[in-house]
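Let's take a walk through this structure together, one region at a time. Please have the sequence and the 3D view ready.

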Amino acid sequence: MRTRLAGALLAVLSLTTAGCTAATGTGGGTGGGTGPSAEAAGAAKAAKSAPADRIEPLADPAAPKLPVTVASADGGRLTVRAAERIVPLSGSLSEIVFSLGLGERVVGRDVSATFAQAEKLPLVTRGHDVSAEGVLSLRPDLVLAETTSGPVEAMDQLRAAGVPVLTIAPAKGLADIGPRIRAVAGALGVPSSGEALTERSERRIAAVREEAPAAGPEPRVAFLYLRGSASVYLLGGAGSGAGSLIEAAGGVDAGAASGLTEDFTPITSEALVKAAPDAILVMAKGLESVGGVEGLAKVPGVAQTPAGLDRRIVSVEDGVLLNYGPRTDQVLASVIDQLYEGEGR
């Protein structure tokens, strides 16, 4: 059951398009003379005023030095001899490449790469629906894939054509941001840029985390995955991927805390009442698919929770919520802002 639910969730997520907000600020430096509180305030302000749908590359990116031989998440090792024509098979990987300052080398995109710099690139893959023919038509010298990219036949076809395919482990939490950035940067021959981007990302996240209230009871937050048109209503558990974000915002993952060990489980009134969330975290298109906040209140069990009674809903755009990458500070800032809205922050 767990495999089927997780697989179904990933398949639907990979077909989702969404707007995103860009990270802001300077390149890899730490800034001079400002304390943590000042940086936290600046990060929060930047999160709210950032221009939409744009990636911010490093201010001083390194030039690739190839060839390099790197480990792939599929268990093998891959020698990358060129990276002039790159095809990332997910929006998250595309964000990393563009943030490293190498976006001009990207020649194709996945449907989830919706930011402005990628919008005119050829659409050749839809997450779990990779078009091997479409990718090969772009003559790539490097394909960046998630371990969930597929189908398997398409990935095998790319490798059989002689295209280097680097597989990156999927992100499950904040701790995965650095390793994923470093893996991509290492394969592109720019490890120094990987370190700079990792430092920038982690510093900004740390600054935004200071915006979460330090006192008071921790709100219990349930992550619901909703697709009303497909009658998909799932409650996130310990492996949903949202727990790390919820905890960084100063909350408690209500699904995991109630004993749900599965990634996702079908929503029932009993499960929601046991989870007793003070707030509900959803993706924007999922919320829209059930008719907005009032429609969500009609999902069995929601109205009987503190979150449902108070209509305390946190909504984040699809495609960025669980990316865990260079723009996660913006996602976290949005979650904190909505979660504690009206509490005098």
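How many aromatic pairs does the count come to? Before the answer, a word on the ground rules. This is a predicted model, in which local features need pLDDT of at least 70 and side-chain atom pairs count only at pLDDT 80 or more, while totals for chains, interfaces and linings use all residues. Residues are numbered from 1 along each chain as its sequence is written, and side-chain values use heavy atoms, with hydrogens and water left out.

The count comes to two aromatic pairs, where rings of Phe, Tyr and Trp (its six-membered ring) pair if their centres lie within 6.5 Å, and planes under 30 degrees apart count as stacked, over 60 as edge-to-face and the rest as tilted. One of them is formed by Phe98 and Phe115, an edge-to-face pair with 5.1 Å centre to centre and 75° between the planes. This pair links distant parts of the chain: Phe98 belongs to helix α3 (residues 91–99), and Phe115 to the loop between β4 (109–110) and β5 (123–126), 17 residues apart. Helices (H or I, at least four residues) and strands (E, at least two) are DSSP runs, numbered from the N terminus. Both Phe98 and Phe115 are buried; buried means under 20% relative accessible area, exposed over 50%, and partly exposed in between (1.4 Å probe, protein chains only).

Phe223 and Phe264 also form an edge-to-face pair, at 5.9 Å centre to centre and with 65° between the planes. Phe223 sits in strand β9 (residues 220–227) and Phe264 in strand β12 (residues 264–266), so this pair ties together parts that are 41 residues apart in sequence. Phe223 and Phe264 are buried too.

Return now to β4, which you met beside the loop of Phe115. Three strands form an open sheet in the order β4-β5-β6, with mixed pairing; two strands pair if DSSP finds at least two bridges between them. Both β4 and β6 (129–130) stand at the edges with a single partner strand each, so one side of each has no neighbour in the sheet. Strands β4 and β5 run parallel and are joined by two bridges, and Asp110 stands opposite Thr125 in β5.

Another strand to look at is β7. Is it enclosed or open to the outside? Five of the five residues of β7 are buried, so the strand is largely enclosed by the rest of the structure. In a regular strand the side chains alternate between the two faces of the sheet. Here, Leu142, Leu144 and Glu146 point one way from β7, while Val143 and Ala145 point the other way, and all are buried. Strand β3 (residues 86–88) runs parallel to β7 and is joined to it by three bridges, with Ile86 opposite Leu142. Strand β8 (residues 165–168) also runs parallel to β7, through four bridges, and here Leu144 faces Leu166.

Next come the helices. Helix α7 (residues 191–209) has 19 residues, which at 1.5 Å a residue should span 27 Å, and its end C-alpha atoms are indeed 27 Å apart; the expected span is 1.5 Å times one less than the number of residues. Among the buried residues of α7 are Leu197, Arg200, Arg203, Arg204 and Ile205.

How do the helices pack? The axes of helix α6 (residues 177–187) and α7 come within 8 Å and cross at roughly 160°, where axes are lines fitted to C-alpha atoms, for helices over the stretch in contact, and angles run from 0 to 180 degrees between N-to-C directions. Helices α6 and α7 are therefore roughly antiparallel; angles under 35 degrees count as roughly parallel, over 145 as roughly antiparallel, 65 to 115 as roughly perpendicular and the rest as oblique. Helix α3, the home of Phe98, packs against α6 at an angle of about 65°, with the axes 10 Å apart, and α3 and α6 are therefore roughly perpendicular.

Finally, some backbone details. Cis peptide bonds join Leu66 to Pro67, with omega about 10°, and Gly150 to Pro151, again with omega about 10°. Pro67 is in the loop between α2 (36–49) and β1 (68–71), and Pro151 in the loop between β7 (142–146) and α5 (152–160). Tyr324 is not a glycine, yet has a positive phi of about 50°, and is buried with a relative accessible area of 1%.
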